[in-house]
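Here are my notes on the model you sent round, set out as numbered points so that each can be checked against the coordinates. They begin with one helix pair and then turn to the sheets and the empty spaces.

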Amino acid sequence: MEVLDTRGLSALRAIAESGSVAAAATALGWSQPTINHHLANLERALGSTLVEKSPRGSQPTVVGSLVVSRAIEILGLCERLGTEVALWREAQAVPVKIGAVPTVGARVIPKLHNQLQRRPRWQAHAATVPAEMTTAALDVTMDEHAKLVARLEAGDLDLALLVSTDIDKTWIPSTLTATHLYSEQLFLCVPKFVGPISLDEEGMPDLTALVSQTWAFSIDPGDAIDEVVRSFCVAAGFEPRVGMRMDDYAAIIRMIAAGLAVAVIPDSSVPEDPTVEIIPMPMDACRRDVLLVSRSHTAESRAKVSRHDPIIAAHHAAIAEVVADVRTVTAQWR
């Protein structure tokens with residue numbers, strides 16, 4: 001097989017994302033003949049037709065969809081390689097890229113940064129780092145759940161702080177490994193004027209009292225807490241009426257206080273607002289689990305790479321330190 005040209009992979013990815021050769025050319029800043037040229041070279045190298053063209057646009061074939069998924073990973077790693085080489089060239093440092101859903105990241109990342117500063121390779125002033133030790137830098141991304149999972153799979157992140165619930169355990173692909181860090185209690189938050197919400201003998205609020213209320217849900221359609229809320233509402237005999245979508249819990253609290261919404265909120269974001277009724281949900285019925293998720297690598301594969309590449313070995317060591325310190329700073333919430 002011919003050596004693959006990443007320009008063909010870029011062209012195919014752009015076509016898949018935009019739906020046409022013309023739109024792909026605009027996105028990449030190339031001409032349409034250039035797109036077609038690199039796509040043709042890629043199809044010849046792989047011996048397969050990768051794109052079906054029609055008057056309505058262009059879509060990947062079945063094989064093309066496979067190549068697109070691999071192209072995303074390959075191009076992500078290429079982009080990351082450029083960033084890593086530049087960081088090494090400028091500061092002899094290796095980056096550890098960690099993602100987090102915003103509510104967890106805001107709680108954990110500052111403490112993680114402070115904890116890492118106790119380790120020699122992470123200290124802010126390079127002069128304090130032993131000459132024989134490679135320095136490290138933390139690269140943080142806050143984003144939606146699904147996007148972080150995709151970036152982990154593509155190799156663009158080393159680690160991610162994600163969330164799940166009892167009824168939502170199947171979203172983790174087999175290519176990723178998840179470790180439980182801690183669990184948060186969930187609280188039903190409603191305007192005070194809605195009136196008292198009765199509890200059953202297990203401590204579960206009577207959601208039928210909220211049939212006419214508008215719910216605030218996450219922007220992320222697969223949000224773990226939203227799935228819990230929907231399942232409980234359906235069990236109570238109604239579909240929750242979603243009237244707003246946002247991921248800023250402070251803003252959601254203001255909406256609740258104004259009587260515009262009700263919501264279920266994790267412990268780390270529960271407000272101190274006298275106009276909001278805060279009702280704890282029983283932990284044995286629902287909770288939010290905070291997970292540390294990483295790409296699956298065997299110890300054997302890590303050792304094999306590390307023996308031949310001191311920079312990769314330093315990167316693995318820095319990741320191990322981040323993992324250890326994430327566990328340290330989250331121990332207080334277990």
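1. In this predicted model, the contact between helices α2 and α3 is made by Val21, Ala22, Ala24, Ala25 and Leu28 on the α2 side, which meet Gln32, Ile35 and Asn36 on the α3 side. Sorted by class, the residues of this contact comprise six nonpolar and two polar, with no charged residue among them.

2. As to the geometry of that pair, α2 spans residues 21-28 and α3 spans residues 32-46, and the two pack at an angle of about 100 degrees with their axes 8 Å apart. Since angles of 65 to 115 degrees count as roughly perpendicular, α2 and α3 are therefore roughly perpendicular to each other.

3. An open sheet of five strands follows the order β4-β3-β5-β12-β6, and its pairing is mixed. The edge positions belong to β4 (135-142) and β6 (176-184), each of which has a single partner strand, so one side of each is left without a neighbour in the sheet. From one strand to the next, the twist averages 25 degrees.

4. Within the five-stranded sheet, β3 (residues 93-100) and β5 (residues 159-164) are paired in the parallel sense over three bridges, and a residue pair to inspect here is Ile98 with its bridge partner in β5, Leu159. Helix α10, covering residues 310-330, lies across β3, β4, β5, β6 and β12 (288-295), and it runs at about 40 degrees to β3.

5. There is also an open sheet of three strands, ordered β10-β7-β11, in which the pairing is antiparallel. Here β10 and β11 (276-280) are the edge strands, each with a single partner strand, so one side of each is left without a neighbour in the sheet. Direction ignored, neighbouring strands of this sheet are turned by 35 degrees against each other on average.

6. The antiparallel pairing of β7 (residues 186-191) with β11 rests on five bridges, and the bridge partner of Phe187 in β11 is Pro280. Helix α8 lies across β7, β10 and β11, and its direction makes an angle of about 140 degrees with β10.

7. Which residues lie nearest the centre of the second largest pocket? They are Thr103, Ser218, Asp223, Asp247 and Tyr249, out of a lining of 21 residues, and the space in this pocket amounts to about 280 Å³. At least two lining residues come from each of α5 (102-116), β8 (214-217), α7 (224-235), α8 (249-257) and β10 (263-266). By class, the lining divides into 11 nonpolar, three polar and seven charged residues.

8. As for enclosed space, the structure holds one cavity of 30 Å³ or more, and the largest cavity contains about 30 Å³ of space. Leu207, Trp215, Val228, Val229, Phe232, Val264 and Met281 line the largest cavity, and α7 gives the most to this lining, with three residues. The seven lining residues of the largest cavity are nonpolar, with no polar and no charged residue in the set.

9. One element recurs in the last two points and may deserve a joint look: α7 supplies at least two residues to the lining of the second largest pocket, and α7 also gives three residues to the lining of the largest cavity. Helix α8 can be examined alongside, as α8 supplies at least two residues to that pocket lining and lies across the strands β7, β10 and β11.

Notes. Residues are numbered from 1 along each chain as its sequence is written. This is a predicted model: local features need pLDDT of at least 70, side-chain atom pairs count only at pLDDT 80 or more; totals for chains, interfaces and linings use all residues. Side-chain values use heavy atoms; hydrogens and water are left out. Axes are lines fitted to C-alpha atoms, for helices over the stretch in contact, and angles run from 0 to 180 degrees between N-to-C directions. Helices (H or I, at least four residues) and strands (E, at least two) are DSSP runs, numbered from the N terminus. Angles under 35 degrees count as roughly parallel, over 145 as roughly antiparallel, 65 to 115 as roughly perpendicular and the rest as oblique. Contact means heavy atoms within 4.5 Å. Ala, Val, Leu, Ile, Met, Phe, Trp, Tyr, Cys and Pro count as nonpolar, Asp, Glu, Lys and Arg as charged, and the others, Gly among them, as polar. On a 1 Å grid over the protein atoms alone, a cavity is a set of points where a 1.4 Å probe fits but cannot get out, and a pocket is an open set with protein on both sides within 12 Å along at least five of seven lines; lining residues have an atom within 4 Å of a point. Grid points are joined across faces, edges and corners, and a volume is the space filled by probe spheres set on the points. Two strands pair if DSSP finds at least two bridges between them.
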